[in-house]
Amino acid sequence: MYIPIMKNRQEELNVSKRCEPFFSDELIPLFEVLKDDYISRPKLDEEGNVVYEIKPGKKKRSKVMDEKRDEDCCTLDNINSIVNGKKVFIDFFRFFEKEYGNKKFKNIELSFKMSRDFRYYIDRILEIKKFENFIPVISIKKGLIISESDLFNIVQEFQKLNRPLAIRITDDMLEDYEEFMEEYLTKQDFIMLDIREKDINSKKIELMEFKNLDVKGKKILLNSPRKKSIKNSEFENLKFTNLIDNSAKRIYKKYGLDGFGDFGGLKDDLPTYGGNGKGAALSLLYFGDKNKFFAIVNTDTSLGVRGYQYVKEELNKLRSYIDPKGNCVGIEKAYSFPKGGFKEWNNVNLSRYIQQQSYN
């Protein structure tokens, strides 16, 4: 089983829509929900007419949108529509202070609130019951632990409905919850051991403990093989890179686990304010038969997104090698825009990765 981990940012939702045909019982996406989506409603005046305004610097008037209301929240409905009712893991994502460095976060107000209001977090998890194809993910890590009594209550809510659930737990917390998982989880549940960015070869003891865990559910190994600290410019151009260690695909079978999951060549990072528009233009194209990423990179960081003109030119030269059957959805995406920017090429890379994993 393969589990692509994606945040519910727009570009990753776009990838999911493109890759929905590849989703199955053996390839189930996991969405880390950072923010909420709302139905947009225009503001109305007292007589029920739409209110318009002319914004500074504009000549044409535009609609004034009404304030967001709780009843207009459509986050889970949107995801369900995108995946066409297929199975999905939903992780209402929480993070602890400095987990992702000292940054100013944007577009993650929901995640920020849930990280600091545990009761609200529970309420959002229980919303998942509305969708029979959604599998709730309860995440446990240092800084955001859950008491066994609270965990039991959540588990009971879904087991009463005969619904599966997943516990996602970092390797340093596994021992604390072993007895609970052995006693209360059923064969339809999932246990996800998350080693984050840690070197998988350094986790032999933890993986052996996970293997020997006497639980009835499916055991999944999660990891983030592309470290956040590695810059785009560090990848060697026109070569298969060793900077991303995809050995989890091989190792999970060695330990008799049921599957693995990762971020599909993307970094496990949260959105931050701004940026200077610079950086190396990079495309990481996964080859399933080699279990490696092929890098095309313009190392001139001063060009920023303009560097993707070179990436596109090299892709043209190598297209028959990269996409010999002419059916790669990632490459198809690459030719749907003139040059593209960092987000668009992340879409290319992730789409290709998911499709390749569906073949292997």
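## Strand β11 and its neighbours

Let's start with a pairing: strand β1 (residues 2–7) runs parallel to β11, and three bridges join the two. Keep in mind that you are looking at a predicted model. Two of the matched positions are easy to find: Y2 stands opposite F260 in β11, and I3 stands opposite G261 in β11.

β11 has another partner, strand β9 (residues 218–222), which pairs with β11 in the parallel sense, again over three bridges. Here the bridge partner of L222 is G261 in β11. So what do the residues of β11 (residues 259–262) do, and are they buried or exposed? G259 and G261 point one way, F260 and D262 point the other way, and all are buried.

## The barrel

Now zoom out. Strands of a sheet pair through backbone hydrogen bonds, and the pairing can be parallel or antiparallel. In this model, eight strands close into a barrel, and the pairing is parallel. Going around, the order is β1-β2-β5-β6-β7-β8-β9-β11. From one strand to the next, the twist averages 25°.

Helix α1 makes contact with part of this barrel: α1 lies across β1 and β2 (30–33), and runs at about 145° to β1.

## C19 in helix α1

Take a look at C19, which is found in helix α1 (residues 10–19). Is C19 buried or exposed? C19 has 0% relative accessibility, so it counts as buried.

Which residues does C19 touch, once you leave out those up to four places away in sequence? They are V329, S351 and I354. For a sense of distance, pick I108, which sits 89 residues from C19 along the chain: the C-alpha atoms of C19 and I108 are separated by 24 Å.

## An open sheet of three strands

The model also has an open sheet, with three strands in the order β10-β13-β12 and antiparallel pairing. Which strands stand at the edges? They are β10 (239–240) and β12 (281–287); each has a single partner strand, so one side of each is left without a neighbour in the sheet.

Within this sheet, β10 pairs with strand β13 (residues 292–298) in the antiparallel sense, over two bridges. If you want to spot a matched pair, look for F240, whose bridge partner in β13 is F294.

## Two helices across the open sheet

Two helices lie across strands of this sheet. α9 lies across β10, β12 and β13, and runs at about 145° to β13. α11 lies across β12 and β13, and runs at about 5° to β12.

These helices also meet each other. The axes of helix α9 (residues 308–322) and helix α11 (residues 342–359) come within 13 Å and cross at roughly 20°. Why call them roughly parallel? Angles under 35 degrees count as roughly parallel, and therefore α9 and α11 fit that description. Their crossing is left-handed. On the α9 side, the contact involves Y308, V311, K312, L315 and I322, which meet F342, W345 and R352 in α11. By class, the residues of this contact divide into six nonpolar, no polar and two charged.

## Two more helix pairs

Two packed helices are described by the angle between their axes and the distance between the axes. Try that on helix α3 (residues 109–116) and helix α4 (residues 118–127): they pack at an angle of about 120°, with their axes 5 Å apart. That makes α3 oblique to α4. L110, K113, M114 and R116 in α3 meet F118, Y120, Y121 and R124 in α4. Sorted by class, the residues of this contact are five nonpolar, no polar and three charged.

Next come helix α5 (residues 148–159) and helix α6 (residues 174–184), which pack at an angle of about 25° with their axes 12 Å apart. That makes α5 roughly parallel to α6. The crossing of α5 and α6 is right-handed. In α5, the contact residues are E148, L151, F152, V155 and Q159, and they meet D176, Y177, F180 and Y184 in α6. This contact has six nonpolar, one polar and two charged residues.

Note on methods. Residues numbered from 1 in each chain as written. Predicted model: local features only at pLDDT ≥ 70, side-chain atom pairs only at ≥ 80, totals over all residues. Heavy atoms only, no water. Buried < 20%, exposed > 50% of the residue type's maximum accessible area, 1.4 Å probe, protein only. Helix = DSSP H or I, 4+ residues; strand = E, 2+ residues; numbered from the N terminus. Pairing = 2+ DSSP bridges. Axes fitted to C-alpha atoms, helices over the stretch in contact; angles between N-to-C directions. Parallel < 35°, antiparallel > 145°, perpendicular 65-115°, else oblique. Left-handed = near helix turned anticlockwise from the far one by under 90°. Contact = heavy atoms within 4.5 Å. Nonpolar A, V, L, I, M, F, W, Y, C, P; charged D, E, K, R; others polar.
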